[in-house]
Amino acid sequence: MEADAKPKKSGPRLCCICNQRRAVLKRPKTLEQICRECFYEVFEEEIHQVIVENQLFKPGDRIAIGASGGKDSTVLAYVLSELNRRHNYGLDLFLLSVDEGITGYRDDSLETVKRNELQYGLPLKIVSYKDLYGWTMDEIVKMIGLKNNCTFCGVFRRQALDRGAALLKVDKVATGHNADDIAETVLLNILRGDIARLSRCTSITTGEDGPIPRCKPFKYTYEKEIVMYAYFKKLDYFSTECIYSPNAYRGFAREFIKDLERIRPRAILDIITSGENFRISTSTKMPEQGTCERCGYISSQKWCKACVLLEGLNRGLPKLGIGRSRGLNNDIKKDTKQGGGTKSIESKQCGSLDF
């Protein structure tokens, strides 16, 4: 009896799209095994389709790309530059960065953004917390501690982006928020019972009733695929996490989403779809948008959240603005009624926004 023949070794697995080149990765979103070239093509084409189907831009628009130096914003700047050239979008693109004043983190990441400015040929504008608010995040953390510091940073950053966008006179801000980020936000708003934000957190374009709209071209793009794209393209990005965010509430939601993705990759898109299809009761009263009396920014209260937090810092009572701001806004009303309050407010650092 002849000896059992040795099984033949199977050759390298071919790309399931082109069936010609060797597969080098498995797409996290679809689990398809594809080659590098096909990955570039489907990654960029999906983003192009999102832009076209949602009419995110129109010819002649001036677009600021929120650039932190991280993987998401770096890939967004690169891909938007490529698609703008390839499909003739007719956009004027700019990089817009916020310097929160975090030593050993933001100062290093901004060096990456400055290199991106040269690599992609895009003008760069940097706005800082210190110039806008008179405080850096290092100074805020020194006063408030590591708890609730992300509240200050998130509120200030949102307004700082709008201020920078106003200086650039852009029509829209494009941010690198990806599918994982949006799924996390849906989950967080459910956990917090935040109905107002839950009703709009999956919108691909937000702030259309505000000074400058924002859009998310990466709404359906997985974070893992962004990392893969940056790695294979050898893009220059900064990968260190913020030194003040380890205990952020969002971090726990992020870990939960990652666990779900390992079990079922489609879970991320399913959560986004669920958020899109939520029906908010018509009896739910949404806050009426007005204008902050101190800085002119959009607000549902007498003062916007940034000015409330800033006032707490300037009074030496940083926790005054944490949580619901109604109490401090009532104090503000009393101060204003007593006379002279508005003058002292207007003379402070926050200043006026000329939108």
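Helices here are DSSP runs of H or I with at least four residues, and strands are E runs of at least two, numbered from the N terminus. Counted that way, the chain in this predicted model holds 14 helices and ten strands.

Let's start with the chain as a whole. It has 355 residues, and 48% of them are buried. Among contacts between residues at least 6 apart in sequence, 70% link residues at least 24 apart. Turning to the surface, the chain exposes about 19000 Å², with carbon and sulfur atoms supplying 49% of that area.

Next, have a look at residues 290-320. An unreviewed UniProt entry annotates this stretch as "domain: Cytoplasmic tRNA 2-thiolation protein 1 C-terminal". In the model, residues 290-320 are 32% helix and 13% strand, and the C-alpha atoms at the two ends lie 22 Å apart.

Now zoom in on one helix, α10, which runs over residues 249-263. Its 15 residues reach 23 Å from the first C-alpha to the last, close to the 21 Å expected at 1.5 Å a residue. Which residues of α10 are buried? They are A253, I257, K258 and E261. Why do these four belong together on the helix? They cover an arc of only 145° around the axis, so they sit on the same side of α10. The other side of α10 has exposed residues: F252, R262 and I263.

What covers the buried residues of α10? The cover includes three other helices: α7 (179-192), α9 (223-233) and α11 (267-277). With those helices displayed in your viewer, you can follow how the buried residues A253, I257, K258 and E261 are covered by parts of the chain that include α7, α9 and α11.

Terms used
Residues are numbered from 1 along each chain as its sequence is written. This is a predicted model: local features need pLDDT of at least 70, side-chain atom pairs count only at pLDDT 80 or more; totals for chains, interfaces and linings use all residues. Side-chain values use heavy atoms; hydrogens and water are left out. Buried means under 20% relative accessible area, exposed over 50%, partly exposed in between (1.4 Å probe, protein chains only). Contact means heavy atoms within 4.5 Å. Accessible areas come from the Shrake-Rupley method with a 1.4 Å probe; for residues, only the protein chains shown count as cover. UniProt positions are given in the numbering used here, feature names are shortened, and annotations may be inferred rather than shown by experiment. The expected span of a helix is 1.5 Å times one less than its number of residues. The arc is that of the directions from the helix axis to the C-beta atoms.
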